[in-house]
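Hi everyone, thanks for coming. Let me put the sequence and the structure up on the screen, and then I'll walk you through what I found.

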Amino acid sequence: MNNVNYNKKYANFVLILLAMIIMAVMYVEGMLTPSLPSIAEGFHISVDQVSLVLSTYLLTGVALSPVIGKLADLWGKKKMMSVVMILYAGAVSVTGFSPNFTFMVISRAVQGIGLTIMPLGMALVREQFPRELVPKAQALISGMFGAGFAISLPLGSLISNYFGWRMTYHTAIPFIVALAILTIYNVHESDYRRPEVKVDYIGAALLGVPLALIVFSMSEGSSWGWNSALFLSMIITGVILFIPMFIYEKHYYNRGGEAIFDMKLLSERNVLTANIALSVSGMGMYLSMQALSYKFETPKPFGFGLSILGTGLSLVSFAIGMIVFSVITGRIISKSGIKPLAVAGSLITALGFYLLSTSPDFIMTIIYEFIIGSGMSIMNASIINLLVLSVNPKDMGLATSMNSTFRYIGSSIGAPVAGTILSLYTVAFAIRTSTGLTVFSFPDKFAYHIAFIIGALSFLASAFIVLMAHEVLSHRTSTGVEKSEESINNNATNELTKL
């Protein structure tokens with residue numbers, strides 16, 4: 001890449017735009033979860049069937065992430081971000097008007113391309129910001145995940161409860177469309193573009209199919225049955241299909257092509273470390289946070305007996321922790337280094353989940369939840385910076401997208417495992433109604449204890465994995481940050497900076 005003149009006004013605009021996009025995507029996706037019962041009722045389908053609304057989104061997102069990332073490296077990050085935003089805006093616009101469940105599932109599949117937005121945004125920041133300011137920017141973007149989470153659950157629950165699930169989509173349409181327009185007309189194109197390079201479409205298909213099969217089977221495993229023939233056959237098929245993918249990609253690479261599954265890139269120590277750490281922690285996070293959501297709604301004495309809206313509001317503490325510590329992490333990461341913060345964030349999160357496993361009261365649960373959000377914010381921002389500051393800018397789109405793929409695979413494992421644990425250890429209540437006795441089953445305290453312990457162990461494992469990485473920020477880098485910030489404060493133009 002050629003040197004670029006750093007423009008503070010443009011950089012601030014890009015940061016705000018990306019933050020708003022991530023918040024909007026989190027709102028659209030987060031508001032859907034509390035709406036699932038009303039969607040099932042409206043389309044006259046079962047609870048198992050309505051889960052397709054979530055799994056198809058994850059399915060296409062995971063399968064498309066490496067493809068979109070590679071295309072961004074070849075054709076330009078801004079161009080692919082614009083395409084993604086247009087498709088996402090279109091899918092969001094029509095989903096709320098779905099005439100039947102099949103239409104909704106298809107539109108949700110198209111919506112899955114939204115999972116590629118965050119890695120594309122991170123690649124843009126790495127490419128268009130001076131290297132010494134990248135850590136702060138990436139930390140702030142990561143924190144918007146928490147902001148979107150904080151907004152989506154309570155607001156989505158409120159709108160769905162009083163106006164119906166379709167209105168949650170209708171309220172999002174103008175914001176998504178406006179953000180797509182701003183992206184198209186105001187974001188600069190990448191200096192890294194190589195349109196002459198041939199895209200490995202066959203490799204993309206060979207990678208996407210087994211990823212899709214594994215993610216789909218894991219997301220539906222609890223409803224199919226973990227020992228069912230359908231689940232086992234789909235998992236085994238997905239694993240077996242990786243074999244021809246590896247063979248083809250090796251052959252493609254040896255012939256001089258740029259493989260979509262770049263083994264050389266993925267085997268680099270920091271890339272491999274970031275991918276494994278986020279995959280393991282992603283599994284623990286989704287498992288434990290799903291268990292926590294259930295605990296808020298489970299009747300006393302095994303839970304807190306809150307409504308859906310009350311549950312959403314109770315999770316705001318987690319989001320506040322993420323937001324606050326994304327700012328703090330951005331300010332100190334260049335001085336402290338990435339590895340110490342990544343390890344500290346993992347250990348803090350592990351401590352938070354361990355404390356939750358002790359069955360605290362409601363107030364202490366909120367406090368421990370804040371600790372978890374804080375630790376996750378520190379860890380996520382640190383590991384993302386570890387990745388983007390280690391990779392050659394020509395591979396940035398593929399690297400960040402593959403990292404997201406690993407994270408989503410971990411998440412797809414965590415959610416159904418949580419469902420299994422919560423359904424394995426239950427307690428039954430018989431309640432007398434006008435029609436007689438009705439029996440209800442709820443997860444007991446041991447189920448939540450196991451779920452939170454697994455979450456703690458997953459983040460402990462992530463801490464040890466991160467120790468294997470190479471540090472990419474030195475004291476000399478932090479000095480550069482201080483000089484750059486002083487220059488910005490004086491409204492001077494930075495010197496030409498190499499990425």
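**A walk through the model**

Let's begin at one small spot: Ser 359 sits in the loop between H17 and H18. Helices here are DSSP runs of H or I with at least four residues, strands are runs of E with at least two, and both are numbered from the N terminus. The phi of Ser 359 is near 55°, a positive value in a residue other than glycine. Ser 359 is partly exposed, with a relative accessible area of 34%. For the cut-offs, buried means under 20% relative accessible area, exposed means over 50%, and partly exposed is in between, using a 1.4 Å probe and protein chains only.

A word on ground rules, before we go further. This is a predicted model, in which local features need a pLDDT of at least 70 and side-chain atom pairs count only at pLDDT 80 or more, while totals for chains, interfaces and linings use all residues. Residues are numbered from 1 along each chain as its sequence is written, and side-chain values use heavy atoms, with hydrogens and water left out.

Now, how confident is the predictor? pLDDT is its confidence in each residue, from 0 to 100. The protein averages 80, and 87% of the residues score at least 70. Among the elements, helix H17 (residues 338-356) has the highest mean pLDDT, 94, and helix H21 (residues 475-489) the lowest, 39. Over residues 475-499 the pLDDT is below 50, yet beyond near neighbours in sequence this stretch has 38 contacts in the model. A contact, by the way, means heavy atoms within 4.5 Å.

On to the overall picture. The secondary structure comes to 21 helices and two strands. Of the 499 residues, 57% count as buried. Among contacts between residues at least 6 apart in sequence, 81% join residues at least 24 apart.

So what is in the middle? A nonpolar core is a set of buried Ala, Val, Leu, Ile, Met, Phe, Trp, Tyr and Cys residues joined through side-chain atoms within 4.5 Å. The largest one has 136 residues, and Val 28 and Phe 353 have the most contacts inside it. Helix H1 (residues 8-30) gives the largest share of this core, 15 residues. Leaving out residues up to four places away in sequence, Phe 353 touches Ser 288, Met 289, Ile 372, Met 376, Phe 452, Gly 455, Ala 456 and Phe 459.

There is also a second, separate core of five residues, including Leu 59, Ala 212, Phe 216 and Met 234. Met 234 is in helix H11 (residues 229-240) and counts as buried, at 16% relative accessibility. Among residues over four places away in sequence, Met 234 touches Leu 213, Phe 216, Ser 217 and Trp 224.

Next, the aromatics. Rings of Phe, Tyr and Trp (its six-membered ring) pair if their centres lie within 6.5 Å; planes under 30 degrees apart count as stacked, over 60 as edge-to-face, and the rest as tilted. The structure holds 10 such pairs. In one of them, Phe 296 and Phe 362 meet edge-to-face, 6.0 Å centre to centre with 70° between the planes. That pair links distant parts of the chain, 66 residues apart: Phe 296 is in helix H14 (residues 269-297) and Phe 362 in helix H18 (residues 362-388). Is Phe 296 buried or exposed? At 0% relative accessibility, Phe 296 is buried, while Phe 362 is partly exposed at 30%.

Phe 362 has another edge-to-face partner, Phe 304, at 5.4 Å centre to centre and 75° between the planes. Phe 304, in the loop between H14 and helix H15 (308-314), is 58 residues from Phe 362 along the chain. Phe 304 is buried, with a relative accessible area of 13%.

Elsewhere, Phe 43, Phe 101, Trp 165 and Tyr 169 form one aromatic cluster. Tyr 169 also turns up among the contacts of Arg 108, together with Glu 29, Leu 32, Val 53, Leu 54, Thr 56 and Tyr 57, leaving aside neighbours within four places in sequence. Arg 108 lies in helix H6 (residues 101-111) and, at 1% relative accessibility, counts as buried.

I'll leave the model up, so please do ask away.

Notes. pLDDT is the predictor's confidence in each residue, from 0 to 100.
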